[in-house]
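Student: I have a structure open and would like to understand the labels people attach to its residues. Could you take me through the reasoning behind them?

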Amino acid sequence: MNSNLTDTTFSDIKIKDMKSLTGKYFIVGVRYEKTLEDGTNAKATEQYVVDALSWSECEAKTTEEMAVYTNGDMEIVTMKKAGFSELFLSEVDSEDKYYDCSINMITIDEKSDKEKKTKVRYLVQGDTIEKARKNVDEIMGKTMIDYNITSLKETSIMDVFLHIGKPKE
């Protein structure tokens with residue numbers, strides 16, 4: 001773990017071109033004027049995941065990151081806490097889609113000796129649903145946890161804005 005990072009934790013799990021990140025995430029809907037491939041401008045509403053510690057930091061980070069993409073007015077139309085606290089991100093450029101993955105982690109209750117399932121959600125990057133599933137299996141396969149994927153669906157998230165803390169003095 002890098003001691004220069006103050007709020008996003010880079011997990012010890014790094015598999016080939018994948019990394020696992022934990023933090024506090026928000027899903028933000030942004031409406032802005034976008035330049036299309038044919039050179040014309042059009043209003044677009046897109047969703048982004050923002051790594052931030054507070055609502056105000058999320059708004060500031062979104063405004064800062066979107067300044068590069070906007071040609072005029074930009075409006076944050078929605079902002080909500082994400083239902084996941086961990087991201088499985090790929091370092092492969094072609095893997096630019098994001099998938100919402102629900103997993104049941106299976107443990108044995110020591111008192112009752114019965115199987116217990118705990119639902120956990122992740123945001124997983126991949127270029128296809130099959131690749132996203134493979135990316136989950138690559139990261140989860142290196143853990144000692146039994147699990148099964150109960151849901152894996154493509155999202156409309158366009159990008160993830162990570163918050164990298166200032167180096168400690």
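Tutor: Happily! Let's start with a cut-off: a residue is called buried when its relative accessible area is under 20%, and exposed when that area is over 50%, with partly exposed in between. Both tyrosine 25 and phenylalanine 84 are buried. Please keep in mind that this is a predicted model.

Student: What makes tyrosine 25 and phenylalanine 84 a tilted aromatic pair?

Tutor: Ring centres have to lie within 6.5 Å to pair, while planes under 30 degrees apart count as stacked and over 60 as edge-to-face, the rest being tilted. The centres of tyrosine 25 and phenylalanine 84 are 6.2 Å apart and their planes make 35°, so the pair qualifies and takes the name tilted. Tyrosine 25 belongs to strand 3, phenylalanine 84 to the loop between strand 5 and strand 6, and 59 residues separate them along the chain.

Student: And why is the pair of phenylalanine 88 and tyrosine 122 called stacked?

Tutor: Here the planes are 25° apart and the centres 4.5 Å; planes under 30 degrees apart count as stacked, so the label follows. Phenylalanine 88 sits in strand 6 and tyrosine 122 in strand 8 (residues 115-126), so this pair ties together parts 34 residues apart in sequence. The structure has 4 aromatic pairs in total.

Student: How do you know that phenylalanine 88 is buried?

Tutor: Its relative accessible area is 0%, and the cut-off for buried is under 20%. Tyrosine 122 passes as well, with 4%.

Student: Let's turn to charges. What makes glutamate 46 and lysine 34 a salt bridge?

Tutor: The rule asks for a side-chain nitrogen of Lys or Arg within 4 Å of a carboxyl oxygen of Asp or Glu. Glutamate 46 and lysine 34 come to 2.8 Å, N to O, so they meet the rule. Glutamate 46 lies in strand 4 and lysine 34 in strand 3, so the bridge ties together parts 12 residues apart in sequence.

Student: Is glutamate 46 buried or exposed?

Tutor: Glutamate 46 is buried, at 9% relative accessible area. Lysine 34, at 27%, counts as partly exposed, because that value falls between the 20% and 50% limits.

Student: Which other side chain makes a polar contact with glutamate 46?

Tutor: Tyrosine 48 does, at 2.5 Å, and the limit for a polar contact is 3.5 Å. Beyond its neighbours within four places in sequence, glutamate 46 also touches several residues, including Val28, Tyr32 and Met158.

Student: Why do arginine 31 and glutamate 75 count as a salt bridge?

Tutor: Their closest N and O atoms are 3.7 Å apart, and the limit is 4 Å, so the pair counts. Arginine 31 is in strand 3 (residues 25-35) and glutamate 75 in strand 5 (residues 74-81), so parts 44 residues apart in sequence are tied together. Arginine 31 has 35% relative accessibility and is partly exposed; glutamate 75, at 44%, is partly exposed too.

Student: How do you know that glutamate 95 and lysine 131 form a salt bridge?

Tutor: Their N-to-O distance is 3.8 Å, and a distance within 4 Å is what the rule requires. Glutamate 95 is in the loop between strand 6 (86-90) and strand 7 (97-108), and lysine 131 is in helix 2 (residues 129-140), so the two parts joined are 36 residues apart in sequence. Glutamate 95 is buried at 5%, whereas lysine 131 is partly exposed at 21%. The structure holds 5 salt bridges.

Student: What makes glutamate 130 an exposed residue?

Tutor: Glutamate 130, found in helix 2, has 57% relative accessibility, and over 50% is called exposed.

Student: One last topic, the sheet. Why are strand 5 and strand 10 described as standing at the edges?

Tutor: The open sheet has 4 strands in the order 5-3-4-10, with mixed pairing. Strand 5 and strand 10 (157-161) each have a single partner strand, so one side of each is left without a neighbour in the sheet.

Student: How do you know that strand 4 and strand 10 are paired?

Tutor: Pairing needs at least two bridges, and 4 bridges join these parallel strands. In one of them, tyrosine 48 has aspartate 159 in strand 10 as its bridge partner. Helix 1 (residues 55-66) packs on this sheet, touching strand 3, strand 4, strand 5 and strand 10.

Terms used. Residues numbered from 1 in each chain as written. Predicted model: local features only at pLDDT ≥ 70, side-chain atom pairs only at ≥ 80, totals over all residues. Heavy atoms only, no water. Buried < 20%, exposed > 50% of the residue type's maximum accessible area, 1.4 Å probe, protein only. Polar contact = N/O pair within 3.5 Å; in protein donor to acceptor, adjacent residues only side chain to side chain. Contact = heavy atoms within 4.5 Å. Axes fitted to C-alpha atoms, helices over the stretch in contact; angles between N-to-C directions. Phe/Tyr/Trp six-rings, centres within 6.5 Å; stacked < 30°, edge-to-face > 60°.
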